[in-house]
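This briefing covers the sheets, helix packing, disulfide and backbone features of one structure. Please read it alongside the sequence and the model.

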Amino acid sequence: MKRQKPAVRIEKTYAYFRYGLLAVLCSLAILFLMACGKSDTITMPDEKTKEKQPQSSQEREEDSSDNKDASKTGTNGESSSHMEPWEKAYLDYLDAFEASNSCTYSLIYVDEDEIPELVIDSGVEAGGCQILTWHDEVLDVLQTSRLYFTYIEKGNLLCNSEGNMGFYYDNVYTIKDGFWDFIGGGTYQDPADGPKFDENDDFIYEYHWLEQPVEKSEYEQKLHAIYPEKDGKTPGAYYIKDEMRSILEKKETASAAHRYELIVADLTWTEAYKACEEKGGYLATLTSREEFDRVQEQIITEEKTGVTFFVGANRVDRFGFGWLEPGTPEGYSMLELYNALFADFWLAGEPSYEGLTEDGREVKEEYVSILYRTADGRCYLNDVPEDILSAAPSYAGRIGYICEYDE
């Protein structure tokens, strides 16, 4: 069986260390759920059974009534006549979700209808994901264990498969009568008396399907019978909350109507930042894949692929870089909002936070640029010194910056 996330071949010595980390992860899970106070009816699946606990008929009727009332008005009581009921329901859920600014979001199509499911990725393994579905004016939420899952697009199947530290699982769900329904799954884990290894030094696990002991081959057969793993896919694009809000409200990203100006000038990052402000704009902040792609297309169209352009991000603290979006004093942490702002944007091995000047001196790299790499035919982000020219004189005439205008 092909495993995509859990590491099953690791050093034997690590096996004895991992149990010490379990308590730490449990604590993180508790902290995350405490942060999500407004959604306290959503609980983490039991670590052993992993079964979706169904709502009682009374609870479903109450939920249905609450959602029907909520769909009549927009966020903060404003009219939502321009929004579909499911868009309004998702947006209301986000506004009531206290940890929403620390999560990333994606829309996926699990079942056959035209209403997408909303993925809320906590960014923390112990926090997992919440996946919302909307049918007949009723919102239902699936809480995954840890982050990783795949789904069969329009095939009405979703599999949450992950685990760590000697305990792994596969839980398969479908949407039945508008609600998430657990249809099968199992676990495989270290024996009760500790990790064991075969002649190849691989872990030996004990397998259970619906809590009944089975052999590995039977486990795999039962899983494949209800979920075609080879057809599973992961969400294609994630967004920060403000971008997802815009998609739900306006059917487009927040920057869809923005304008960008590419200026070639041998300035420092600070000088470029001030220059954009003087022009009535700001150093470009690329907070969605669509915005990144538009800027990339403009760089290619204007034939400026040989220029390294400063953008509006720098190292905000010891934990990493952040986009300095105007009107958002705290900025958007690339690391915290990893799925939306970090993954796939950076050059391989970057950010490095430091580098060497052309004459061999060490220099801090705490500012961000976007550059085009011919070998890949696309742009990447890269961390650079505040003054590129002083570190690399050969870049004279090939330094620039991008101003963004909210027009």
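How many bridges join strand β7 to strand β8, and do the two run parallel or antiparallel? Strands β7 (residues 167-176) and β8 (residues 179-189) run antiparallel and are joined by 10 bridges. The model is predicted. The points below start with the sheet that holds this pair, then turn to a second sheet, a helix pair, a disulfide and the backbone.

**The sheet of β5 to β10**

- The strand order in this open sheet of 6 strands is β5-β6-β7-β8-β9-β10, and the pairing is antiparallel.
- At the edges are β5 (149-152) and β10 (212-214), each of which pairs on one side only.
- With direction ignored, neighbouring strands of the sheet are turned against each other by 25° on average.
- Within the pairing of β7 with β8, Tyr168 has Tyr188 in β8 as its bridge partner.
- Helix α5 (residues 216-226) packs on this sheet, where it touches β6 (157-164), β7, β8, β9 (206-209) and β10.
- The direction of α5 makes about 35° with that of β9.

**The sheet of β1 to β4**

- A second open sheet has 4 strands in the order β1-β2-β3-β4, again with antiparallel pairing.
- Its edge strands, β1 (104-108) and β4 (138-143), each pair on one side only.
- From one strand to the next, the twist averages 20°.
- Strand β3 (residues 129-135) runs antiparallel to β4, and 6 bridges join the two.
- Gln130 stands opposite Gln143 in β4.
- Helix α4 lies across β1, β2 (117-121), β3 and β4, and runs at about 150° to β3.
- Helix α6 lies across β1 and β2, at about 35° to β1.

**The helix pair α4 and α6**

- Two packed helices are described by the angle between their axes and the distance between the axes.
- For α4 (residues 85-96) and α6 (residues 241-250), the axes come within 9 Å and cross at roughly 155°.
- Because of this angle, α4 is roughly antiparallel to α6.
- The crossing of α4 and α6 is left-handed.
- On the α4 side the contact is made by Trp86, Glu87, Tyr90, Leu91, Leu94 and Asp95, which meet Lys241, Met244, Arg245, Leu248 and Glu249 in α6.
- By class, the residues of this contact are 6 nonpolar and 5 charged, with no polar ones.

**The disulfide**

- A disulfide is a covalent bond between the sulfur atoms of two cysteines.
- The whole structure contains 1 disulfide.
- Cys276 and Cys403 form the link, with an S to S distance of 2.1 Å.
- The link of Cys276 and Cys403 is left-handed, with -90° about the S-S bond.
- Cys276 belongs to helix α7 (residues 269-278) and Cys403 to strand β20 (residues 399-405), so the pair ties together parts that are 127 residues apart in sequence.

**Backbone features**

- Most residues other than glycine have a negative phi, and most peptide bonds are trans.
- Asp177, a residue other than glycine, has a positive phi near 55°.
- The position of Asp177 is in the loop between β7 and β8.
- The peptide bond joining Glu350 and Pro351 is cis, with omega about 0°.
- Pro351 is in the loop between α9 (338-341) and β16 (354-356).

Methods
Residues are numbered from 1 along each chain as its sequence is written. This is a predicted model: local features need pLDDT of at least 70, side-chain atom pairs count only at pLDDT 80 or more; totals for chains, interfaces and linings use all residues. Side-chain values use heavy atoms; hydrogens and water are left out. Axes are lines fitted to C-alpha atoms, for helices over the stretch in contact, and angles run from 0 to 180 degrees between N-to-C directions. Angles under 35 degrees count as roughly parallel, over 145 as roughly antiparallel, 65 to 115 as roughly perpendicular and the rest as oblique. A crossing is left-handed if the near helix is turned anticlockwise from the far one by less than a right angle, and right-handed if clockwise. Contact means heavy atoms within 4.5 Å. Ala, Val, Leu, Ile, Met, Phe, Trp, Tyr, Cys and Pro count as nonpolar, Asp, Glu, Lys and Arg as charged, and the others, Gly among them, as polar. Two strands pair if DSSP finds at least two bridges between them. A disulfide is a pair of cysteine sulfur atoms within 2.5 Å.
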